[in-house]
Amino acid sequence: SSGINAEYGDESRHKHLIPAIHKLINGITEFLKSSYDSNTRYFRQGGRYNHLTNEWTWFDTMFAVDCQTWVLTILGAPVVDSWFGHGTAFNIWETTKQQGGYNYNPHTKTVEGFGFSDGNTFSGEWSLGGVLAAKVLANQYKGTPFENSLLIDAMNIRNAIEKQLVVEITYPNGVKADSVLYANERSWIIFGWYGNNITSMASTGWTVLVDMGFNPFGLGGGDLY
């Protein structure tokens, strides 16, 4: 929200909108906070809201990888850890690897990437969201034992994407270029669509963002490293 103050300064004709924007941000932040389940150590995918009782009934059956990686990237370790205790953000990352990690090794606790809800599929887009999250968290945990573990995860996932999901395509004009597959195989995703083994603007776009150190969740690209 501090970025909004900088973007819409005293001279902006939009200055009067800042309080409303802050109210929206605070409301969404409180929703994210309340979605965390300390027993499972992850953010729940969603739920139903009862406006009469002002209560949520959470969906506890569907684990969503991006509800962890994106939320961790946006909120960051300082906020998450201030809510639930030091190391919580790192523990959520570890839970995400266990639940949705592609080729997760329980002995080394390493992964090659992420699927959508489980580790049966290797998704380019969702794995790159994981790389971003790991790099952001590593920067925020700098100087702690968590930093190196997160950087190794980010490197391993990015290398696996390069080896397994990057393909060369040829445009109609004969120009060749690298592209990144949406997934390594066609599979049903429990959130309502198929992951297909085809080149993807989403996966390729995320690759460019991550490799350039650009955080799309922060104004101007954020502070990634």
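This note goes through the aromatic contacts of the structure above, which is a predicted model.

1. Aromatic pairing in general. The structure holds 21 aromatic pairs, and the points below take up some of them individually.

2. Tyr42 and Phe63. The ring centres of Tyr42 and Phe63 are 4.8 Å apart and the ring planes stand at 85°, so this pair counts as edge-to-face, given that planes over 60 degrees apart are classed that way. The contact links distant parts of the chain, since Tyr42 belongs to strand E2 (residues 42-43) while Phe63 sits in the loop between strand E4 (55-58) and helix H3 (66-84), with 21 residues separating the two. Both Tyr42 and Phe63 are buried.

3. Trp206 and Phe217. Here the aromatic pair is tilted, with 6.2 Å from centre to centre and 50° between the planes. Trp206 lies in helix H7 (residues 201-211) and Phe217 in the segment after H7, so the pair ties together parts that are eleven residues apart in sequence. The two partners should be described separately as regards exposure: Trp206 has a relative accessible area of 8% and is therefore buried, whereas Phe217, with a relative accessible area of 30%, is partly exposed.

4. A cluster of rings. Phe116, Trp126, Tyr182, Phe191 and Trp193 are linked into a cluster by ring pairs, and a description of the aromatic contacts could list these residues together.

5. A charge over a ring. Apart from the ring pairs, the charged end of Arg186 sits over the ring of Tyr194, at 3.9 Å from the centre of that ring.

Note on methods
Residues are numbered from 1 along each chain as its sequence is written. This is a predicted model: local features need pLDDT of at least 70, side-chain atom pairs count only at pLDDT 80 or more; totals for chains, interfaces and linings use all residues. Side-chain values use heavy atoms; hydrogens and water are left out. Rings of Phe, Tyr and Trp (its six-membered ring) pair if their centres lie within 6.5 Å; planes under 30 degrees apart count as stacked, over 60 as edge-to-face and the rest as tilted. Helices (H or I, at least four residues) and strands (E, at least two) are DSSP runs, numbered from the N terminus. Buried means under 20% relative accessible area, exposed over 50%, partly exposed in between (1.4 Å probe, protein chains only). A charge sits over a ring if NZ of Lys or CZ of Arg is within 6 Å of the ring centre and within 35 degrees of the ring normal.
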